[in-house]
Amino acid sequence: MGDPLNFHGMRKAVLLYNARSGGRRSQRQSDLQSALKILSDAGVEASLVLTQSSADATEQARKAILEGCDTVFACGGDGTIHDVLQGMAGTRVALGIIPMGTANALAHDLRLPLEPSEAVRAALDAEPRRIALGRVQVRGFDQDFVTRYFTVAVGVGVDAHLFYKLNAGTKQRLGMAAYYAKAWHLWFSHRMDRFVAEWGGGESGSGRNTGVTEMLAVRIRNFGGVLRELAPGASLERDDLRVVLCSTSNRLSYLLYVTRGLLGRQWKVPGVELIHSERVRCDYGSDPDAAEPRSKVYVEADGELVGTLPAEVSIVCDALTILMPKKLTD
């Protein structure tokens, strides 16, 4: 098996660093140089690339693969991972994660160390695993349809509207506090627009549809922080989506569902249904009695705003190699 610190054969790696991601900013350069040294000491040829934008992170991941890298590290939060992922989906190159973001939900789910140096050491001792990816095809803001892969979740409705309204500068200054403050404001002010969700495949059968005010298609079990298990039954080990369908516009039902996740309870919440499915399609539907022009319903993927309805969320099997700590693979 070779060197026990590098048993899975990592030989050439790139660290894609997002300077815009939140958390530990004063420590970043030191953390990154430590990561490079740890990799070098383990016999890995490693380089550091500063990404300038979301599109640049995707392009740098593709470039690294063409240059022979066997591992690409995303250094940032879930948004950084999401951007890097777009350049890696469908390849055999391994994705490593060095958590430096605001929420780090995927890192929490993988039970990765949140200290960067320890995360690198964990990657060297990790097990490469092939997993399914979520995929969302959505109308982009230039009206063309775009495709994005995701590892954490896709949200349609109030959840995505939060990301639309959240000012990027406020997020950088306040971190998760900005999310909580804006979510509280939306709780009282945002109109819950109804749209149609249709799903099929997996355990849910096919051809079912319903009117909803929120849809979440989730891939991870543990989001970390105060809100951990948002969608019980979700797992990166599964080849489907755990879908949360909210057919209610009752704000207390939303609060009850979130409280359920906070406390780890299994309460049945009226108007909220959980299913497993391989595909969910969301569209506006028709409402001939609507007195006002229909407002846009937004779509987010891994916390990044990606477009508006219509949207189709599906699963792509055997789509990504990810470095998982051994304790998750035993």
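In the predicted model, Arg 111 is situated in the loop that links α4 and α5. Although Arg 111 is not a glycine, its phi is positive, at about 60°. The relative accessible area of Arg 111 is 47%, so the residue is classed as partly exposed, falling between the limits of 20% and 50%. A positive phi also occurs at Asn 104, again a residue other than glycine, where the angle is near 55°. Asn 104 belongs to the loop between β4 and α4 (105-110). With a relative accessible area of 11%, Asn 104 is buried. Such backbone conformations merit note because most residues other than glycine have a negative phi, and most peptide bonds are trans. With regard to the peptide bond, a cis geometry is found from Leu 309 to Pro 310, where omega is near 5°. Pro 310 forms part of strand β15.

Helix α5 spans residues 116-124, and its buried residues are Pro 116, Ser 117, Ala 119, Val 120, Ala 123 and Leu 124. Viewed down the axis of α5, these buried residues lie within an arc of 160° and therefore line one face of the helix. This arrangement may be read against the general geometry of the α-helix: there are 3.6 residues a turn, so residues three or four places apart point the same way. The packing partners of the buried residues of α5 are α1 (28-41), β3 (71-76), β4 (94-99) and β15 (304-324). At the start of α5, the backbone nitrogen of Ser 117 is approached by a side-chain oxygen of Glu 115, which reaches to within 3.0 Å.

A further contact between a side chain and the backbone involves Asp 56, a residue of helix α2 (residues 54-66). A polar atom of the Asp 56 side chain lies 2.8 Å from the backbone nitrogen of Gln 52. The relative accessibility of Asp 56 is 18%, which is under the 20% limit, and the residue therefore counts as buried. When residues up to four places away in sequence are set aside, Asp 56 touches Leu 50 and Thr 51.

Strand β7, comprising residues 153-157, is mostly covered, with 5 of its 5 residues buried. Strand β7 pairs with strand β10 (residues 214-218) in the antiparallel sense, over 5 bridges. Within this pairing, Gly 157 has Glu 214 of β10 as its bridge partner. Strand β7 is also joined to β14 by 3 bridges, and these two strands likewise run antiparallel. Here, Val 156 stands opposite Val 299 of β14.

Strand β14 also contributes to an aromatic contact, through Tyr 298. A search of the whole structure identifies 1 aromatic pair. This pair consists of Phe 141 and Tyr 298, whose ring centres are 6.3 Å apart; the ring planes meet at 35°, so the pair is tilted. Phe 141 is located in the loop between β5 (127-139) and β6 (145-150), whereas Tyr 298 lies in strand β14 (residues 298-301), so the pair ties together parts that are 157 residues apart in sequence. The accessibility of the two residues was also assessed. Phe 141 has a relative accessibility of 46% and counts as partly exposed. Tyr 298, by contrast, is buried, with a relative accessible area of 8%.

Methods: Residues numbered from 1 in each chain as written. Predicted model: local features only at pLDDT ≥ 70, side-chain atom pairs only at ≥ 80, totals over all residues. Heavy atoms only, no water. Phe/Tyr/Trp six-rings, centres within 6.5 Å; stacked < 30°, edge-to-face > 60°. Helix = DSSP H or I, 4+ residues; strand = E, 2+ residues; numbered from the N terminus. Buried < 20%, exposed > 50% of the residue type's maximum accessible area, 1.4 Å probe, protein only. Arc of directions from axis to C-beta. Contact = heavy atoms within 4.5 Å. Polar contact = N/O pair within 3.5 Å; in protein donor to acceptor, adjacent residues only side chain to side chain. Pairing = 2+ DSSP bridges.
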